[in-house]
Amino acid sequence: MMGCSGFRLFVSAYVDGELVGEDKAALEAHLQVCAPCRTLLAEEKEASALLNAARPLHEAPPELRARIEALAFPRRDSRRRALRWMAAAAAIGFAAFLGGRAIGEREKRLEPRASSTLASLAVDTHLRYSRGQLPLEVSSDRPEHVSAFFAGRVPFALTLPDYPVGPGQSKSYRLEGGRLVSFRNDYAAYVAYRMEGQPISLLVTSASTAKPEGGSLVQQGALTFHIESVSGLKVITWTDNGLTYALASDVAVEGADSCLVCHGSDQDRRRLDRFPARPGI
Amino acid sequence: MSDGSQEAFRREAVSHLDSLYGFALSLARERTVAEDLVQETYVRAFAAKQEKAPDDNIRSWLFTILHNVWRNDQRRRRPTSLEDAPEAASRLVASEDPHVLVHREETRQRVARAVGELPESFREVLLLRCVEEFSYKDLAGILGCPAGTVMSRLARARLQLRRILARENRKDGAA
């Protein structure tokens, strides 16, 4: 026959209404004859009532709600806006910075599709970082330091470029640092830059984890760029050399400026000058 | 899945945002981490939904994803110190008499402090049961353990909570 120690385990479930059948009947019979267990039941009920009365009714912060709703109901961008982005995309395409491909190749535009999860995450991450809500895990303007931080933490090799500038020149962009961002079953690399006070965000993951999709497509040689506007930000996603990139920047950073993040040398600038600062619509 | 059913699924999923955020806060105890946790939960839910649609209990399914994300994250990162105070950054829904609210807030803070002293395994099961009111069956699914474990863990969690509250009451009485 079960003693008090056995019944005590049942009391909590009894209070929760989860005890049924023979167990419930046995406990109720035991409570009739056992004062200590009746006391325990009263205490359990009191504790449950206290917990229930004290239930924290949390309300998600508005920024989080906005991000989740953006994920749930991604806006389909107009072709008009996507076209305005095209030159920036071409410039960024040039900035396939681990490969260094030439720009100016034949462009092939394809029909726009729904934006990708990676693009949405890039925008969310960019907005949070811009608002000071996303602390960096490594803060450094030295690419080798940030690259070293990611080594072993993300399931791919990422080497950030460091383009030299001439004497008396200064870089028009500044590396600020990076952090890990949860993405699917692993981590993506988030790299923060700033140019003329405006943040530029780069999200990198392996091509096996995410492939660019959605937006308007622009073909540049072997590379395909997905260009879209999400929540008022420019987003360009592409895959190259086994990695998938998503670059989000503020509207104020126009055209070829964005690619200076990756290609800031004089030689690169001359090549980028072929793109208008504000691409025509 | 048709566009209409996907829309309905996503609307329901978003309707559980506040609850998921509260649970994430109770686990992470830090607002930015909780937000990351919730966001990752939705990213995974929407990605999975494109291929597999759970027919029922989307709410329980979302909590299961969140709990799994948290557990996996904990395995990879240094766990949050238990000495960290729960962050009181989230707003409480308030629409009642101010005096009632003040009393409730005092009670809430007292209980929240006591819950905060519990080990994570007790904290999560108590909150999922007493705040989110999941059934033991759902709890077993969310926490990935047998229903019997849920029952015994809840009993031990309540016992420990009562002891902490009693200790605090004695302190208040002595003060």
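Helices (H or I, at least four residues) and strands (E, at least two) are DSSP runs, numbered from the N terminus. Read that way along the sequence, chain B of this predicted model follows the pattern α-α-α-α-β-α-α-α-α, with eight helices and one strand.

A word on conventions: residues are numbered from 1 along each chain as its sequence is written, while chains are lettered from A and ligands numbered from 1 in the order in which they are written. Local features need pLDDT of at least 70, side-chain atom pairs count only at pLDDT 80 or more, and totals for chains, interfaces and linings use all residues; side-chain values use heavy atoms, with hydrogens and water left out.

**Chain B.** Of its 175 residues, 47% count as buried (under 20% relative accessible area with a 1.4 Å probe, protein chains only; exposed is over 50%, partly exposed in between). Among contacts (heavy atoms within 4.5 Å) with a separation of 6 or more, 69% in chain B join residues 24 or more positions apart.

**Confidence in chain A.** The mean pLDDT, the predictor's confidence in each residue from 0 to 100, is 71 for chain A, and 67% of the residues of chain A reach 70 or more. Helix α2 (residues 21-33) of chain A has the highest confidence, at a mean of 91, and helix α5 (residues 79-84) of chain A the lowest, at 35. Two stretches of chain A deserve some caution:

| Stretch with pLDDT under 50 | Contacts beyond four places in sequence |
|---|---|
| residues 76-115 of chain A | 132 contacts |
| residues 252-281 of chain A | 80 contacts |

Where pLDDT is low, the predicted coordinates should not be read in detail.

**Rings.** Over all chains there are nine aromatic pairs (Phe, Tyr and Trp rings, the six-membered one for Trp, with centres within 6.5 Å; planes under 30 degrees apart are stacked, over 60 edge-to-face, the rest tilted). One of them is edge-to-face: Phe149(A) with Phe150(A), 5.2 Å centre to centre and 65 degrees between the planes. Both Phe149(A) and Phe150(A) are buried. In chain B, ring pairs link Phe9(B), Tyr42(B), Phe46(B) and Trp61(B) into a cluster. The charged end of Arg10(B) sits over the ring of Phe46(B), 4.4 Å from its centre (CZ of Arg or NZ of Lys within 6 Å of the ring centre and within 35 degrees of the ring normal).

**Where the chains meet.** The contact takes 48 residues from chain B and 50 residues from chain A. About 4700 Å² is buried between them (accessible area lost on being put together, 1.4 Å probe, summed over both), 55% of it from carbon and sulfur atoms. Eleven salt bridges (side-chain nitrogen of Lys or Arg within 4 Å of a carboxyl oxygen of Asp or Glu) are counted between the chains, including Asp36(B) with Arg179(A) at 3.4 Å, N to O. Arg11(B) lies over the face of Phe73(A), at 4.8 Å from the ring centre.

Key
Buried area = accessible area lost by both parts, 1.4 Å probe.
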